[in-house]
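Me: Please take a close look at a single part of this protein, beginning with one side chain and working outwards. I would like a connected account, with the criteria behind each term stated.

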Amino acid sequence: MKKLLLPLLFLSLKLSAQNAQQIHQRAILIDTHNDVLSNQLITKFDLAKLQTEGNFDLVRAKDGGLDAQIFSIWCGEKYGKGTAFAMANREIDSLYALIKRNPDKIALARNSAELQNIVKQKKLAALIGVEGGHMIEDRMDYIDSLARRGMRYLTLTWNNSTSWATSARDEVTKKDSLPHLGLTDYGKQIVKHLNELGVMVDVSHVGERTFYDVIATTTKPVIASHSCAYALNPHRRNLKDDQLKALAKNGGVVCVNFYSGFVDSTYAAKANDFYIKHKAEIDSLGKAYNDADLGFIKASSLHQKEANELRPPLSMLIHHIDYIAKLIGVDHVGIGSDFDGSESYPLQMNSVADYPKITKALLDLHYSESDIDKILGGNVMRVLKVNTGK
Ligand SMILES: [Zn+2]
């Protein structure tokens, strides 16, 4: 009997891996947040070719079974009136150029019907999400213009507040000195306008007060494009249980962020030690790229062995997905990696080629195929469809 058990065990492991791969390939995988476009303006990488740096290119996306990517259009808070909207358009131009050079590999999707059509043609569906309300420079006509170019979500704030919405960072660190808290009347008009245009309202990065003002104002389901569970890591960028419940009641979806700092409550202190140790190098790399975050990302790849020791296990990321699914239901959780936006992700999650590991882990936790379909993309598809009407 003993002799038989071992081969049987191997056989069942092999079958489960095959099964995971089949389920993964069949499902439509939608990642709601990737920052590669703003980096690419600096690095000039050709995203159609296999790259050894960064987390995204079209070759690895294919390997990872990625069907649709919502690309984040982002610039930092040093951009403002007269510069932020122009930067948003430059990034959209670069996505359009990538699509134009590779019509057989990638195409722009503006709604769920187009997305499904593009996936049928075995191309990557590219969608646009604008991250940071400062990029509309307080102008409704700029929202219209970005929507015409394909914007399908607007993250109401980045870390910085706008004149009409307060961010998670500012609500926590500047609570007593803010000129307003939550959404102003103009902010509420913006939410309603986004609803009319079929642009999803993204509540990642916004403060708790703004979050509840949005929930009270929106007539459509919202998205949290890249956030984790606060109960597992009390970081201001993560969503508390009551927020998650309110989001589920609204019919929305929270797409789990892979960033080690949001996944693992012990990461920030370890990353800080790493920063202090390599401060001179990180700062000079940051200067060379004119982007402090990119300096940290680069230094982490130069000191990979050391940086690897700071990374949480993959199981900790899966725990966030499982926790949210159990708390508010499997209909309200998705994937929003934040790839190319951070210096560290859980072990084994190195790039867009690694999504199948999530499917395998969910299968090991006894999630059904239909539940896995929902988590990988079905839920985002539903919210997109309700927002765009198609
Ligand atoms: Zn972000």
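Reply: Helices (H or I, at least four residues) and strands (E, at least two) are taken here as DSSP runs, numbered from the N terminus. By that assignment, R152 belongs to strand β5, which spans residues 151–155. The model is predicted, so local features need pLDDT of at least 70 and side-chain atom pairs pLDDT 80 or more, while totals for chains, interfaces and linings use all residues. Numbering runs from 1 along each chain as its sequence is written, and side-chain values use heavy atoms, without hydrogens or water.

R152 is buried (under 20% relative accessible area, 1.4 Å probe, protein chains only; exposed is over 50%, partly exposed in between). Despite this, R152 has no salt bridge (a side-chain nitrogen of Lys or Arg within 4 Å of a carboxyl oxygen of Asp or Glu). E114 is the nearest side chain of opposite charge, 7.3 Å away; in this count Lys and Arg are positive, Asp and Glu negative, and His and the chain ends are left out. The side chain of R152 does reach the backbone oxygen of R110, at 2.6 Å. Beyond four places in sequence, the residues in contact with R152 (heavy atoms within 4.5 Å) include R110, L127, I128, G198, V199, L384 and T388.

Two of these neighbours lead on to the surrounding nonpolar side chains. I128, which R152 touches, is also in contact with L95, as are L37, F71, I106, L108 and A126, neighbours within four places aside. L95 and L156 have the most contacts inside the largest nonpolar core, a set of 98 residues. Such a core consists of buried Ala, Val, Leu, Ile, Met, Phe, Trp, Tyr and Cys residues joined through side-chain atoms within 4.5 Å. L384, the other neighbour, is among the 19 residues of another core lying apart from it, together with L115, I118 and V380.

The zinc ion can be followed from here. Its protein donors (N, O and S atoms within 2.8 Å of the metal, or 3.2 Å for Na, K and Ca) are E131 through OE, and H205 and H226 through NE2, at 2.0 to 2.2 Å. Along the chain they follow the spacing E-x73-H-x20-H. E131 lies in strand β4 (residues 124–131) and H205 in the loop between β6 (200–202) and α9 (208–217), so this pair ties together parts 74 residues apart in sequence. Both are buried: E131 has 2% relative accessibility, and H205 has 7%. Water is not among the atoms, so the site may look incomplete.

Definitions and conventions
A polar contact is a pair of N or O atoms within 3.5 Å; within protein, one must be able to donate a hydrogen and the other to accept it, and residues adjacent in sequence count only if both atoms are side-chain atoms.
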